[in-house]
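Student: I should like to work through the fold of this chain, moving from side-chain pairs to sheets and helices. May we take the structure element by element?

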Amino acid sequence: MQGDGIVPHNFVLAASRPWLSSMAHRLQQATGHVFYTVSTPEELRAFPFDAINPRSIFVPHWSWIIPETIWSRYETIIFHMTDLPFGRGGSPLQNLIQRGFTETKLSALRCTEEVDAGPVYMKRPLSLHGSAEEIFLRAASIMEEMIVEIIDTSPQPVPQSGEPTFFERRKPEQSNISKLPSLEALFDHIRMLDAEGYPAAFLETDRFRMEFRKASLRHGKIEADVTITVKENDS
């Protein structure tokens with residue numbers, strides 16, 4: 001909490017996912033500063049930055065390019081779910097689980113022209129156990145702590161070192177489970193997509209589409225919730 005006599009600063013939180021909707025309120029309570037939120041590219045472009053003059057913009061989860069007119073004028077801090085420079089690019093959670101990772105790091109980095117290539121303020125460990133929703137909620141709690149620490153200590157970001165590797169953003173059709181080689185791969189596929197706003201793992205027949213969530217792997221079998229719908233061209 002900010003001490004008496006300290007003038008509060010303005011901050012902006014750009015967060016597009018529902019599990020981050022209350023983060024600004026908690027950060028405001030924890031720091032004594034003022035947090036404004038935007039959740040879409042349209043809101044970001046229309047935001048009155050000149051009037052607010054934020055000290056920083058924090059971006060815990062965002063799926064779009066941030067305009068240079070914003071990050072070049074205001075310190076813009078992105079959170080990425082890999083140990084950068086490893087795993088730059090899209091769908092980091094799914095790419096990590098698909099590659100067999102059980103742990104990763106959350107990297108807080110400054111937004112620059114090249115995607116996920118900016119200097120890094122800090123990194124914190126993150127477990128990849130559980131469903132995507134559970135992992136995102138765990139990450140959100142850690143990101144809050146990182147934001148408070150960045151505000152309190154004003155660390156200087158350090159350029160990334162090492163050879164970068166890149167992830168490709170996943171496409172909805174990649175959620176199809178028909179060609180997975182094992183129960184373990186199937187379980188990981190279901191859980192890594194099990195969060196609001198993500199295309200669920202699915203299987204299709206000629207007439208039906210089956211979507212899978214809330215999977216558990218025990219004693220050589222998977223139990224999961226399944227939603228079965230008639231495909232649009234058959235409805």
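Student: How many salt bridges does the structure hold?
Tutor: This is a predicted model, in which local features need pLDDT of at least 70 and side-chain atom pairs count only at pLDDT 80 or more, while totals for chains, interfaces and linings use all residues. Residues are numbered from 1 along each chain as its sequence is written, and side-chain values use heavy atoms, with hydrogens and water left out. A salt bridge is a side-chain nitrogen of Lys or Arg within 4 Å of a carboxyl oxygen of Asp or Glu. By that criterion the number held by the structure is twelve.

Student: How far apart are the closest N and O atoms of E42 and R45?
Tutor: Side chains of opposite charge can pair when their charged atoms come close. E42 and R45 are three residues apart in helix α2 (residues 41-46), and therefore about one helical turn separates them. Helices (H or I, at least four residues) and strands (E, at least two) are DSSP runs, numbered from the N terminus. E42 and R45 form a salt bridge, and their closest N and O atoms lie at 3.7 Å.

Student: What is the strand order of the open sheet of six strands?
Tutor: Two strands pair if DSSP finds at least two bridges between them. The pairing in this sheet is mixed, and its edge strands, each pairing on one side only, are β2 (34-38) and β7. From one strand to the next the twist averages 20°. The order is β2-β1-β3-β4-β6-β7.

Student: Which residue of β3 stands opposite A15?
Tutor: Strand β1 (residues 10-15) pairs with strand β3 (residues 56-61) in the parallel sense, over four bridges. The residue in β3 that stands opposite A15 is H61.

Student: Which residue of β7 is the bridge partner of L106?
Tutor: Strand β6 (residues 103-110) runs antiparallel to strand β4 (residues 75-80), joined to it by four bridges; there, I77 has R110 of β6 as its bridge partner. Seven bridges join β6 to strand β7 (residues 120-127), again with antiparallel directions. In β7, the partner of L106 is R124.

Student: At what angle does α6 run to β7?
Tutor: Two helices can be placed against this sheet, with contact meaning heavy atoms within 4.5 Å. Axes are lines fitted to C-alpha atoms, for helices over the stretch in contact, and angles run from 0 to 180 degrees between N-to-C directions. Helix α1 (residues 23-31) lies across β1, β2 and β3, at about 170° to β2. Helix α6 (residues 132-153) lies across β1, β2, β3, β4, β6 and β7, and its angle to β7 is about 150°.

Student: Are α1 and α6 roughly parallel or oblique to each other?
Tutor: Their axes are 11 Å apart and meet at an angle of about 40°. Angles under 35 degrees count as roughly parallel, over 145 as roughly antiparallel, 65 to 115 as roughly perpendicular and the rest as oblique. The two helices are therefore oblique.

Student: Which residues of α1 and α6 make the contact?
Tutor: From α1 come M23, R26, L27, A30 and T31. From α6 the contributors are A140, E144, I147, V148 and I151.

Student: Which residue of β11 stands opposite E211?
Tutor: An open sheet of three strands is ordered β9-β10-β11, with antiparallel pairing, and its edge strands are β9 (201-204) and β11 (221-230). Four bridges join β9 to strand β10 (residues 208-218), where F202 stands opposite E211. Nine bridges join β10 to β11. In β11, the residue opposite E211 is T227.

Student: Which residue in the turn between β10 and β11 has a positive phi?
Tutor: β10 and β11 form a hairpin with two residues between them. With a phi of about 55°, the turn residue is H219.

Student: Which residues does a cis peptide bond join?
Tutor: The omega angle of this bond is about 15°. P85, one of the two residues, lies in the loop between β4 and β5 (88-89). The bond joins L84 and P85.
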